[in-house]
Amino acid sequence: MHDVVARTPRQPRLAWGLLATWACLFAVQTVRLLDAVDWPTILLGVAAALGMVAAIAQLVASRSGQLVLTDDELRVERRRRPLTIPRGAVRAVRGNLRDRPTWSARVVVEHAGGEVTLPRYDLAPALVIACLQEWAGVGERPEAAAG
């Protein structure tokens with residue numbers, strides 16, 4: 001068994017558009033700066049550079065990844081720091097709001113080594129929670145037993 005349960009959302013097109021816009025503005029300001037040095041051009045060039053950095057940061061933050069279930073492990077595949085949790089080590093799967101999986105924005109997996117909050121996926125957290133609970137054969141650990 002090798003099931004891809006969910007994928008991280010695609011990188012936003014708005015960030016790509018912003019990156020292109022800021023890059024054009026930076027190029028225009030750089031050309032103007034070569035003609036004559038004046039403070040408004042310098043300030044707009046710095047603002048354009050900061051805009052490009054912010055757009056690149058947004059694109060990097062929404063990196064691609066996926067949640068994969070195999071017969072004996074849960075794999076959170078991502079560019080940096082992939083995570084593997086053995087099936088037997090999973091103690092509970094819940095949302096970030098206890099007893100409210102449909103209200104939760106994130107999925108939390110409690111395992112023998114601690115707990116991990118999974119990244120946002122294109123599938124609703126309640127559906128990911130139900131799928132992982134069924135796969136691991138666990139539910140949401142009661143509040144009293146979690147301590």
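In the predicted model, Cys24 is exposed, with a relative accessible area of 52%. Cys131 is partly exposed, its relative accessible area being 29%. The structure contains zero disulfides.

The strands are arranged in open sheets. One of these sheets comprises four strands in the order 1-2-3-4, paired in the antiparallel sense. Its edges are formed by strand 1 and strand 4 (83-86), each of which has a single partner strand, so one side of each is left without a neighbour in the sheet. From one strand to the next, the twist averages 20°. Strand 1 and strand 2 run antiparallel and are joined by five bridges. Within this part of the sheet, Arg7 stands opposite Gln66 of strand 2. Helix 3 lies across strand 1, strand 2 and strand 3, and runs at about 25° to strand 2.

A further open sheet consists of three strands in the order 5-6-7, again with antiparallel pairing. Strand 5 and strand 7 are the edge strands, and each pairs on one side only. Neighbouring strands of this sheet are turned against each other by 20° on average, direction ignored. Four bridges hold strand 6 and strand 7 in antiparallel pairing, and His111 has Gly114 in strand 7 as its bridge partner. Helix 3 also packs on this sheet, where it touches strand 5 and strand 6; the direction of helix 3 makes about 165° with that of strand 5.

The nonpolar interior was examined next. The largest nonpolar core has 20 residues, and those with the most contacts inside it are Leu67, Leu74, Val107, Val109, Leu118 and Leu132. Two or more residues are given to this core by each of strand 1 (2-7), strand 2 (65-70), strand 3 (73-78), strand 5 (90-95), strand 6 (107-111) and helix 3 (125-136). Helix 3 gives the most, with five residues. In soluble globular proteins, nonpolar side chains tend to be buried together. The surroundings of Leu67 illustrate the packing: when residues up to four places away in sequence are not counted, Leu67 touches Asp3, Val4, Val5, Ala6, Leu74, Arg75, Val76, Leu118, Tyr121, Val128 and Leu132. A second, separate core has five residues, among them Ala15, Leu19, Ala55 and Leu59.

Charged side chains form four salt bridges. Side chains of opposite charge can pair when their charged atoms come close. Two of the pairs described here involve Arg94. The side chains of Glu110 and Arg94 meet in a salt bridge with an N to O distance of 2.8 Å. This pair links distant parts of the chain, as Glu110 lies in strand 6 and Arg94 in strand 5, 16 residues apart. Glu110 counts as buried at 5% relative accessibility, and Arg94 is also buried, with a relative accessible area of 6%. A salt bridge is likewise present between the side chains of Arg94 and Glu115 (3.3 Å, N to O). Here too the pair links distant parts of the chain, Arg94 being in strand 5 and Glu115 in strand 7 (residues 114-117), 21 residues apart.

Another group of charged residues, Glu73, Arg75 and Glu77, is linked in a network of salt bridges. Within this network, Glu77 forms a salt bridge with Arg75, and the closest N and O atoms are 2.9 Å apart. Glu77 counts as partly exposed, at 25% relative accessibility.

Selected positions in the other helices were also considered. Leu44 is found in helix 2 (residues 39-61) and counts as partly exposed at 39% relative accessibility. The C-alpha atom of Leu44 is separated by 9.7 Å from that of Val28, the two residues being 16 residues apart along the chain. Thr30 has its place in helix 1 (residues 13-35) and, at 33% relative accessibility, counts as partly exposed. Thr30 and Ala92 are 62 residues apart along the chain, and a distance of 55 Å separates their C-alpha atoms.

How values were computed. Residues numbered from 1 in each chain as written. Predicted model: local features only at pLDDT ≥ 70, side-chain atom pairs only at ≥ 80, totals over all residues. Heavy atoms only, no water. Core = buried A, V, L, I, M, F, W, Y, C linked by side-chain atoms within 4.5 Å. Buried < 20%, exposed > 50% of the residue type's maximum accessible area, 1.4 Å probe, protein only. Contact = heavy atoms within 4.5 Å. Disulfide = S-S within 2.5 Å. Pairing = 2+ DSSP bridges. Axes fitted to C-alpha atoms, helices over the stretch in contact; angles between N-to-C directions.
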